[in-house]
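Biologist: I have a chain open and some quick questions about it. Can you walk me through the model?

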Amino acid sequence: MEPPKMNPVVEPLSWMLGTWLSDPPGVGTFPTLQPFQYLEEVHISHVGQPMLNFSFNSFHPDTHKPMHRECGFIRLKPDTNKVAFVSAQNTGVVEVEEGEVNGHELCISSHSISRISFAKEPHVEQITRKFRLNSEGKLEQTVSMATTTQPMTQHLHVTYKKVTP
């Protein structure tokens with residue numbers, strides 16, 4: 001079977017497509033956590049629809065045990081640079097982030113966040129993400145968040161190298 005043609009609506013995000021691996025390990029920090037590192041594998045693909053599909057799977061750098069997981073969709077409003085990022089996470093959080101793509105940079109922030117009734121506290125109240133393709137062709141992601149006990153603070157930074165188109 002022939003791979004589907006990319007829907008032209010998502011062309012502005014085509015630089016994100018592929019399988020990416022963290023290189024070096026990602027770094028996490030937050031006032032209520034001990035600093036940590038993680039490995040992450042990212043798959044961003046399309047099936048011809050006007051959206052991209054994604055999955056982020058992180059692992060402990062020493063034990064390779066699974067850590068954070070999330071999957072979802074990235075949609076563009078046709079004929080604009082407006083983007084919606086819809087994500088479900090293994091922590092019981094579901095979120096919609098919205099923002100804009102400009103060239104090889106995508107900046108989004110939380111529009112709505114929901115969680116399961118027994119989600120661990122403190123609860124995340126706000127998230128921002130920035131994805132950018134750097135001059136070396138690597139994908140970078142920076143995530144900041146605010147919780148019920150902490151103001152907006154950078155939480156994660158990771159650089160990925162592309163391993164498959």
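Biologist: Which side chain does Lys138 meet in a salt bridge?

Modeller: Asp23, at 3.4 Å from N to O. A salt bridge here is a side-chain nitrogen of Lys or Arg within 4 Å of a carboxyl oxygen of Asp or Glu. This is a predicted model, where local features need pLDDT of at least 70, side-chain atom pairs count only at pLDDT 80 or more, and totals for chains, interfaces and linings use all residues. Residues are numbered from 1 along each chain as its sequence is written, and side-chain values use heavy atoms, with hydrogens and water left out.

Biologist: Where do Lys138 and Asp23 sit in the chain?

Modeller: In distant parts, 115 residues apart. Lys138 is in the loop between β9 (124–133) and β10 (139–147). Asp23 is in the loop between β1 (18–22) and β2 (26–30). Strands are DSSP runs of E, at least two residues, and helices are runs of H or I, at least four residues; both are numbered from the N terminus.

Biologist: Asp23: buried or exposed?

Modeller: Partly exposed, at 28% relative accessibility. Buried means under 20% relative accessible area, exposed over 50%, and partly exposed in between, with a 1.4 Å probe and protein chains only.

Biologist: What is the peptide bond after Asp23 like, cis or trans?

Modeller: The bond from Asp23 to Pro24 is cis, with omega near 5°. Pro24 is in the loop between β1 and β2. Most peptide bonds are trans.

Biologist: Which other bond is cis?

Modeller: Glu121 to Pro122 is cis, with omega near 0°. Pro122 is in the loop between β8 (105–115) and β9.

Biologist: Back to charges. How many salt bridges does a search of the whole structure find?

Modeller: Seven.

Biologist: Which residues are linked in a network of them?

Modeller: Glu70, Glu95, Glu97 and Arg129. Arg129 meets Glu95 at 3.2 Å, N to O. That pair links strand β9, with Arg129, to strand β7 (residues 93–102), with Glu95, across 34 residues.

Biologist: And how far apart are the closest N and O atoms of Glu97 and Arg129?

Modeller: They are 2.8 Å apart. Glu97 lies in β7 and Arg129 in β9, so this pair ties together parts 32 residues apart in sequence.

Biologist: Is that network buried or exposed at Arg129?

Modeller: Arg129 is buried, with 5% relative accessible area. Glu95 is buried too, at 1% relative accessibility. Glu97 is also buried.

Biologist: New topic. How much space lies in the largest pocket?

Modeller: About 870 Å³. A pocket is found on a 1 Å grid over the protein atoms alone: an open set of points with protein on both sides within 12 Å along at least five of seven lines. Lining residues have an atom within 4 Å of a point. Points are joined across faces, edges and corners, and the volume is the space filled by probe spheres set on them.

Biologist: Which residues are closest to its centre?

Modeller: His68, Thr91, Val124, Met145 and His155, out of 30 lining residues. The lining splits into 14 nonpolar, nine polar and seven charged. Nonpolar is Ala, Val, Leu, Ile, Met, Phe, Trp, Tyr, Cys and Pro; charged is Asp, Glu, Lys and Arg; the others, Gly among them, are polar.

Biologist: Which strands each supply at least two residues of that lining?

Modeller: β3 (33–45), β4 (51–59), β5 (66–76), β7, β9, β10 and β11 (153–164).

Biologist: How many helices and strands are there in the protein?

Modeller: Zero helices and 11 strands.

Biologist: What feature does UniProt place at residues 10–162?

Modeller: The unreviewed entry lists "domain: THAP4-like heme-binding" there. Such annotations may be inferred rather than shown by experiment. Residues 10–162 are 0% helix and 66% strand, and their end C-alpha atoms are 19 Å apart.

Biologist: Last one. Which sign does phi have at His64 and at Asp79, positive or negative?

Modeller: Positive, about 65° at His64 and about 65° at Asp79. Neither is a glycine. His64 lies in the loop between β4 and β5. Asp79 is in the loop between β5 and β6 (82–89), and counts as exposed at 84% relative accessibility.

Note on methods:
1 Å grid on protein atoms, 1.4 Å probe; cavity = no way out; pocket = protein on both sides within 12 Å on 5 of 7 lines; lining within 4 Å.
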